[in-house]
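Work through the following exercises with the model open beside you, and try each task before reading its solution.

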Amino acid sequence: MSEPLAWLAVAMMAATLFALRYAGFAIMRYVRITPKIELFLEKMSVSVLVAIVASSLVTGGFRTAAAVAFGVATMLATKSPVAAMLVGIGIGAAWVGFTGV
């Protein structure tokens with residue numbers, strides 16, 4: 001692929017992403033947020049996060065498993081998803097720092 005064609009593809013992807021994000025805001029202006037819709041949006045973000053963690057857990061190694069295990073333990077202890085993510089990231093980073101792998 002030539003460089004101008006690659007830049008055109010990047011520009012088209014950026015324009016599409018912007019249009020889709022803007023459309024979401026524009027459409028939601030006309031939708032009344034009911035408790036069911038609010039619950040759906042709240043649970044959808046959790047399910048996306050779980051899917052990302054699960055896929056990395058399947059393809060990752062022992063480092064990923066350790067990071068997820070410590071993250072889950074932190075979540076159970078603190079009930080804070082932010083703290084759980086920070087601990088998981090910290091364990092993964094410390095693993096790389098100490099072992100180089």
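**Exercise 1.** What pLDDT does the chain average, where pLDDT is the predictor's confidence in each residue, from 0 to 100?

*Solution.* This is a predicted model, in which local features need pLDDT of at least 70 and side-chain atom pairs count only at pLDDT 80 or more, while totals for chains, interfaces and linings use all residues. Residues are numbered from 1 along each chain as its sequence is written, and side-chain values use heavy atoms, with hydrogens and water left out. The chain averages a pLDDT of 90, and 99% of the residues score at least 70. Taking helices as DSSP runs of H or I with at least four residues, numbered from the N terminus, confidence is lowest in helix α2 (residues 35-59), at a mean of 87, and highest in α3, at 94.

**Exercise 2.** Determine whether Thr74 is buried (under 20% relative accessible area) or exposed (over 50%), with partly exposed in between, for a 1.4 Å probe and protein chains only.

*Solution.* Begin by placing Thr74 in helix α3, which spans residues 62-78. Its relative accessible area is 14%, so Thr74 is buried. Next, list its contacts (heavy atoms within 4.5 Å): leaving aside neighbours within four places in sequence, Thr74 touches Lys79, Ala83, Ala84 and Val87.

**Exercise 3.** Classify the aromatic pair formed by Phe18 and Tyr22.

*Solution.* Rings of Phe, Tyr and Trp (its six-membered ring) pair if their centres lie within 6.5 Å, and planes under 30 degrees apart count as stacked, over 60 as edge-to-face and the rest as tilted. The structure holds two aromatic pairs. In one of them, Phe18 and Tyr22 are 6.3 Å apart centre to centre with 15° between the planes, and the pair is stacked. Both residues lie in helix α1 (residues 3-28), four residues apart, about one turn of the helix, and both Phe18 and Tyr22 are exposed.

Note on methods
Helices (H or I, at least four residues) and strands (E, at least two) are DSSP runs, numbered from the N terminus.
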